[in-house]
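Visitor: Please take me through one part of this model in close detail. I would like to see the charged pairs, and one histidine besides.

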Amino acid sequence: MPILWGMCVAEQRREPLTALRKPLAGPSKPQAGRTAAERKPLAASRNPLAGRKARRAGFLRTYGWRVGVIPALLAVTALVVTDSLASPANSTPAQPAAAAPAGPGPAPEQSVHEAPAKPQNLTADTAALPGGGPFTQAGAGTWHIIPGTGKRVGDAGKLYHYTIEVEDGLDPSSYSGDDAFATAVEGILSDAKSWTQDGKVSLQRVDATYPKPDFRVSLTSPSTTHRPDACGFDITFEASCYRSSLKRRVLINLSRWAHGALAYAGNLTEYREYAINHEVGHALGHLHVGCGGDNTPAPVMMQQSFGVADDYVAKLNDIPGGDQGAVPADHRVCKPNPWPFPA
């Protein structure tokens, strides 16, 4: 049926051409025997304009509505092309797409970074407490022993037993809790760079089951360390200390444990290593010393909480209640160092 229908359509489309040829069909008469009137139809049929009009009429009868649509389509097409060329979106060249990473790799660097702590001018005032989070200013003035014991560290020299304690009433959030403090202290004193390296002493952590420890490493609030029977506050900067009269207690100032010291330029881990080693050094019988030489590692018994410049530390101690004469004002400036025996 589709084929027959197509043939019918084709036949219908050929109809006008057949009609145009009809005047030429039939027997022709000799031109010589015709009158002028008889020759007029033939002349008309050969008139080019008349034939063209007839063909146009046949074409319009067949394709009339389609012919009317074509100009409209052309007009719409021209309008779309003109609008596209004038569009602002086409006035800006397309940006190339970002290339996808070739494979696993580090995440793209963020545009906002936490600014690292700036190194301090070590010859200037460095004794002030750096900024940081909140901490408990005043505790209860009593301490509790954190449960737990450890192995002996060092196999030579005198064996010292120590407890790890925290003042009652401290907010654990400022020091990450008792267990974290105990782990840090025991780890520092068990390190090969700490006091057992030279073979003169050995250390072992004990708890409340041991009757008389040789010293007590005690995290303490600033107000308690300021007490006259503790560290005092003659030098009006936060400090830690050792007091044999207070049950051989190594007092670690909570404000320093939480904030560190300016000389350490924000490295809180290294400052905590220094604080434990320095104050335990006092419990083992070591005194304050000054810088051994310019740009060399500071001795762990230097008062690095105040700074590593001899002139500045000597000036702080040159008051009643200070450790006068312990550090000479010899213009030497050291580098911070937290260990008795640095690698």
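Guide: What follows is a walk through the salt bridges, then the histidine. The model is predicted.

Start with the count. The structure holds six salt bridges. Side chains of opposite charge can pair when their charged atoms come close.

Take R249 and E165. Their side chains form a salt bridge, with N to O at 2.7 Å. This pair ties together distant parts of the chain. R249 lies in strand β6, which spans residues 249-253. E165 lies in strand β2, residues 158-167. The two partners are 84 residues apart.

Are these partners buried or exposed? R249 is buried, because its relative accessible area is 5%, under the 20% cut-off. E165 has a relative accessibility of 2%, so E165 is buried too.

Next, K193 and D191. Their side chains meet in a salt bridge, N to O at 3.2 Å. K193 has 24% relative accessibility, so K193 is partly exposed. D191 stands at 23% and therefore also counts as partly exposed. Both values fall between the limits of 20% and 50%.

Then D330 and R332. Here the salt bridge has an N to O distance of 3.8 Å. That still counts, because the cut-off is 4 Å. D330 is partly exposed, with a relative accessible area of 27%. R332 is partly exposed as well, at 35%.

Some salt bridges share partners. Through such sharing, E165, R216 and R249 join into one network. Two of its members, R249 and E165, are the strand pair described above.

Now the histidine. Where does H259 sit? H259 is in helix α6, which covers residues 254-259. H259 is buried, because its relative accessible area is 13%, and the limit for buried is under 20%.

What does the side chain of H259 reach? The side chain of H259 reaches the backbone oxygen of G133, at 2.7 Å. That distance lies within the 3.5 Å limit for a polar contact.

The surroundings of H259 can be listed too. Leaving aside residues up to four places away in sequence, H259 touches L129, P130, G131, G132, G133, F135 and L268. G133 thus appears twice: in the list of contacts and as the owner of the backbone oxygen.

To recap the two close-ups: R249 and E165 are a buried pair linking strands β6 and β2. H259 is a buried residue of helix α6, with its side chain at the backbone oxygen of G133.

How values were computed: Residues are numbered from 1 along each chain as its sequence is written. This is a predicted model: local features need pLDDT of at least 70, side-chain atom pairs count only at pLDDT 80 or more; totals for chains, interfaces and linings use all residues. Side-chain values use heavy atoms; hydrogens and water are left out. Helices (H or I, at least four residues) and strands (E, at least two) are DSSP runs, numbered from the N terminus. Buried means under 20% relative accessible area, exposed over 50%, partly exposed in between (1.4 Å probe, protein chains only). A polar contact is a pair of N or O atoms within 3.5 Å; within protein, one must be able to donate a hydrogen and the other to accept it, and residues adjacent in sequence count only if both atoms are side-chain atoms. Contact means heavy atoms within 4.5 Å.
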